[in-house]
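Q: Could you take me through the pockets of this protein up close? I'd like to know what lines them.

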Amino acid sequence: FLKFFRQVDRGVNPDLEINKFLTKQGRFNNVPAFIGAIEWKYENGGMVLGIMQEVIENSTDAWTYILDRLDDYNERILSQQQVLDHPALSGSIFDPVDYEQMPAVMKELLEAPVAERARLLGQRTGEMHLALAAGVDDPNFKPEAYSLHYQRSLFAGFQSLVRGTFNNQDRNLKNLAPDVRQEAEEVLGMKDVILKLFKNIYKKKVDTDKIRIHGNFHLGQVLFTGKDFVITDFEGEPARSYSERRLKRSPLRDVASMIRSFHYAAYGGLFLDNQIRKEDIAKLVPYAEQWYHYMSGFFMKAYLETVKGSGFIPRSKEDIQILVTTFLLEKAIHELNHELNNRPDWVVIPLRGIKELVKGSAKGVQMTIE
């Protein structure tokens, strides 16, 4: 298929660059193979206008597939004569349980094939990052070590993000429904705690590498073939310049982005399904959180098993927890800012994501990743 870019820029197009690298050097088979490009060449540069890639026969994207499975999940819950009290959560994202270790009621509701899809997506994500880190002879892909200076610069960016988002939230409180406004005010009161959590990023040097990453990784960027997943669209965040999108970062940013996408799917299964009565949503919300908890765990466990021993994953369990928590929090705050400006009805999703991360950190969740 031939893809044209609506927004073009001088310089290297990251979508072409990464897709070409993964096809020809990384030998990662779970992307649409690069075939060619249409470029506008001129003196001292050029612009990529479009790229041609292999057609992938697929039934849908991962977002649609997951929403369909969530429809079945919610239907099974509501079909019970009486909606049962949801069981206590087992494990955590840093100490995830296997499908067989889940409470019996959740095993029945979530179903093994769905859990297996989350596991497979975690594996494919890890394989993508291993391929991107393999370009040691190419300066555009060669891994680079973290430094304390870089970690401090990350914190400065987080400070600016928190300041801008919380000011925006304060201005928009009046536009929120009363119950959501209460949760928003609760999160506003967590500002100092959130900044304290972000400070963990530079308390000590993190022994890990930066590599090229997907940069805008979510369920909508993954095709489902019926048996496997194929990852697409490596252009990165549309709001960033090409040069920013090409910066090397921790691949755990992609991991955090996909985990947040699972959270959105869990609530999207309620908000987008017009078959669910409004009065039933409150009954289903605790089960949506259960689904998100376990699916994220399956994904995370498979990812860490796939990339174990690689230079871009810290050896220290504490450092993994700091990075993942930091990037999850950063992503949720970005989402909060977006929803305040575009979809106030969805603000509850990032709000609950932020609250969960703050409260989880306050409990001092211990990791037992081997």
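**A close look at the pockets**

A: Let's start with the largest pocket, which has a volume of about 910 Å³ in this predicted model. It is lined by 31 residues, and the ones closest to its centre are Asn216, Glu237, Ser257, Lys331 and Glu335. If you want to find the pocket by its elements, look for helix H9 (252-271) and helix H11 (317-342), the ones that give two or more residues to the lining. As for chemistry, the lining of the largest pocket splits into 12 charged, 10 polar and 9 nonpolar residues.

Now hop over to the second largest pocket, with about 670 Å³ of space. Here 26 residues form the lining, and Leu89, Ser92, His293, Glu356 and Gly360 are the closest to the centre. At least two lining residues each come from helix H10 (278-307), H11 and helix H12 (348-362). H10 gives the largest share, with 7 residues. The mix in this second lining is 11 nonpolar, 11 polar and 4 charged residues.

So H11 is a handy landmark: it gives two or more residues to the lining of the largest pocket, and at least two to that of the second largest.

While you're looking around, check out the surface too. Leu2, Phe4, Ile35, Ile38 and Met52 make a nonpolar patch of about 470 Å². Strand E1 (2-4) and strand E2 (34-42) are the elements that give two or more residues to the patch. One of the patch residues, Leu2, sits in strand E1. Leu2 has a relative accessible area of 39%, so it counts as partly exposed.

Conventions:
Residues numbered from 1 in each chain as written. Predicted model: local features only at pLDDT ≥ 70, side-chain atom pairs only at ≥ 80, totals over all residues. Heavy atoms only, no water. 1 Å grid on protein atoms, 1.4 Å probe; cavity = no way out; pocket = protein on both sides within 12 Å on 5 of 7 lines; lining within 4 Å. Points joined across faces, edges and corners; volume = space filled by probe spheres on them. Helix = DSSP H or I, 4+ residues; strand = E, 2+ residues; numbered from the N terminus. Nonpolar A, V, L, I, M, F, W, Y, C, P; charged D, E, K, R; others polar. Patch = residues over 30% accessible without salt bridge, like charges linked within 9 Å, V, L, I, M, F, W, Y side chains within 5 Å. Areas by Shrake-Rupley, 256 points an atom, 1.4 Å probe, with all protein chains shown as cover. Salt bridge = Lys/Arg side-chain N within 4 Å of Asp/Glu carboxyl O. Buried < 20%, exposed > 50% of the residue type's maximum accessible area, 1.4 Å probe, protein only.
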